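The report below goes through a few selected sites, taking the bound ligands before individual residues of the chain.

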Amino acid sequence: MIGKYEITDIKARQILDSRGNPTVECWVKTGKGTGIASVPSGASTGKHEAVELRDGEKEYNGLGVTKAVKNISRIEAKLMGHDARDQDGIDRIMMEMDGTPNKSHLGANATLAVSMAVCRAAASSKEGEVYDHIGIIYGARNFVLPVPFFNVINGGQHAGNALDIQEFMIAPIGAESFSEALRIGSEVHHSLKGILHSKYGVNAVNVGDEGGFAPPMKKSKEALDALVAAVKKSGHYKKVGICMDAAATSFQKGKKYKLDGKVMDAEGLTEYYESLAAKYPIIAIEDPFGEDDYDAFAMLTERIGENVQITGDDIFVTNNERLKDGIMCRAGNALLLKLNQIGTIIEAFDAAHLARHAGYSIMVSHRSGETCDPFIADLAVGIGCGQIKAGAPCRGERLAKYNQLLRIEEHDLPYAGMDWRKKGVE
Ligand code: PGA
Ligand code: ZN
């Protein structure tokens with residue numbers, strides 16, 4: 001007799017992501033349920049991230065993932081008959097099979113697709129919610145709906161404009177509920193569209209990879225001014241904070257940074273961020289410095305970390321060891337959590353637990369190349385971290401996450417809100 005949670009079949013296929021590049025989809029069947037999941041892909045990928053296995057053949061300009069798909073057949077052979085609830089055991093079997101520190105053998109795209117599909121299959125086998133099952137694996141029951149950070153102006157490597165900073169986000173920290181937060185995000189996004197259209201013309205409202213506008217701006221202040229104007233015009237100024245992802249590795253030149261037409265050292269850039277945080281209602285800055293610049297992260301955290309969340313993405317890459325180094329020197333005060341940076345749910349949870357113990361906040365994140373899989377919505381609720389970034393409230397693959405949070409809201413869960421160290425918005 002086949003057990004209800006027993007894995008009976010695993011299949012994988014190559015599908016396309018939101019940029020039209022191949023990615024991996026995996027399907028896991030148990031005695032009683034099924035789970036399907038697909039993995040996202042970054043563009044401003046940190047050099048310390050786990051390896052996304054690509055074919056390197058002529059098809060899809062080298063970006064095919066058929067080798068990763070084949071590796072899932074090998075994984076299937078090891079996992080048949082295993083209990084799908086044993087996420088820890090399953091992820092560790094894949095880590096052992098891979099045997100490398102960065103998943104370069106099987107590919108993090110192969111291991112993560114299985115890891116997520118197994119998690120969904122377990123939830124489906126008990127006819128339960130994915131976020132609830134994630135809560136069991138993570139060891140949390142304080143489910144909250146996260147504050148959404150909407151990336152409404154795109155620059156850097158996500159857009160064809162001259163903005164150095166990659167993402168300018170609005171976060172409805174003062175909303176009463178997630179649905180109100182989503183409405184505020186949508187209304188500000190549309191106000192912004194009107195402002196950009198009248199100031200910069202029709203081309204300014206084309207959107208970048210994450211659904212935000214990609215206007216022909218040159219300097220960060222232009223983007224921040226437009227955001228403030230849009231938030232005010234929509235009547236939500238008291239409820240909204242601003243966040244930036246500088247993705248600063250992309251404008252780092254040796255020990256210097258070239259931002260907004262100026263070449264600065266880490267000290268100069270720290271002062272520049274301080275001045276922006278004093279002028280605008282900035283509640284969080286992600287990757288303000290390059291991916292190995294721990295000292296600069298620590299300097300900025302010391303200067304403004306009381307009032308502003310300093311989030312590490314490319315520097316920590318959801319990796320325990322790198323986060324440990326950061327905690328030791330007080331670099332940043334928040335972890336950006338991206339499952340595909342590390343390649344299994346269990347390893348990402350190790351990093352999340354470490355962050356929590358060190359008093360760091362956690363923001364769950366999508367990638368710039370996405371699918372319509374809403375897994376990260378359940379993930380953010382399941383670990384109760386209170387923050388998610390999934391792009392603008394625009395484009396299907398971004399809305400898939402926000403709309404899933406609307407469904408979860410019907411379970412009467414509270415909205416996290418954010419009283420970011422009292423800083424804020426007047
Ligand atoms: P990526 O960008 O998915 O292209 O890496 C997202 C981010 O930097 O946060
Ligand atoms: Zn980032």
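## Surroundings of ligand 1

Around ligand 1 there are 14 residues, of which Ala43, His158, Arg367, Ser368 and Lys389 come nearest. The model is a predicted one, and the distances that follow are to be read as properties of that model.

Backbone and side-chain atoms both approach the oxygen atoms of this ligand. A polar backbone atom of alanine 43 is 2.6 Å from an oxygen atom of ligand 1, and a backbone N or O atom of serine 44 lies 2.9 Å from an oxygen atom of ligand 1. From a side chain, an N or O atom of glutamine 166 is 2.9 Å from an oxygen atom of ligand 1. Ligand 1 exposes 270 Å² when taken alone, and 100% of that area is buried by the protein.

## The zinc site

The zinc ion (ligand 2) is coordinated at 2.0 to 2.2 Å by Asp245 (OD), Glu286 (OE) and Asp313 (OD), and along the chain these donors follow the spacing D-x40-E-x26-D. The pair formed by aspartate 245 and aspartate 313 links distant parts of the chain, 68 residues apart: aspartate 245 belongs to strand β6 (residues 241–245), while aspartate 313 is found in the loop between β11 (309–312) and α9 (320–328). Both aspartate 245 and aspartate 313 are buried.

## Serine 38 in strand β3

Serine 38 is placed in strand β3 (residues 34–38). Its relative accessible area is 7%, and because buried means under 20%, serine 38 counts as a buried residue.

The side chain of serine 38 makes a polar contact with the side chain of threonine 371, at 2.7 Å. When neighbours within four places in sequence are left aside, the residues in contact with serine 38 are Ile15, Val24, Glu25, Met116, Thr371 and Asp373.

## Alanine 204 in a loop

Where along the chain does alanine 204 lie? Alanine 204 is in the loop between α5 (178–200) and α6 (220–233). Is this loop residue, alanine 204, buried or exposed? With a relative accessible area of 0%, alanine 204 is buried, because that value falls under the 20% cut-off.

Its contacts, leaving aside neighbours within four places in sequence, are with Leu196, Phe213, Ala214, Pro215 and Pro216. Alanine 204 can also be placed relative to asparagine 161: the two residues are 43 residues apart in sequence, and their C-alpha atoms are 9.6 Å apart in space.

Technical notes: Residues numbered from 1 in each chain as written. Chains lettered and ligands numbered in written order. Predicted model: local features only at pLDDT ≥ 70, side-chain atom pairs only at ≥ 80, totals over all residues. Heavy atoms only, no water. Helix = DSSP H or I, 4+ residues; strand = E, 2+ residues; numbered from the N terminus. Buried < 20%, exposed > 50% of the residue type's maximum accessible area, 1.4 Å probe, protein only. Contact = heavy atoms within 4.5 Å. Donors = N, O, S within 2.8 Å, 3.2 Å for Na, K, Ca; no water. Near = heavy atom within 4 Å. Polar contact = N/O pair within 3.5 Å; in protein donor to acceptor, adjacent residues only side chain to side chain. Areas by Shrake-Rupley, 256 points an atom, 1.4 Å probe, with all protein chains shown as cover.
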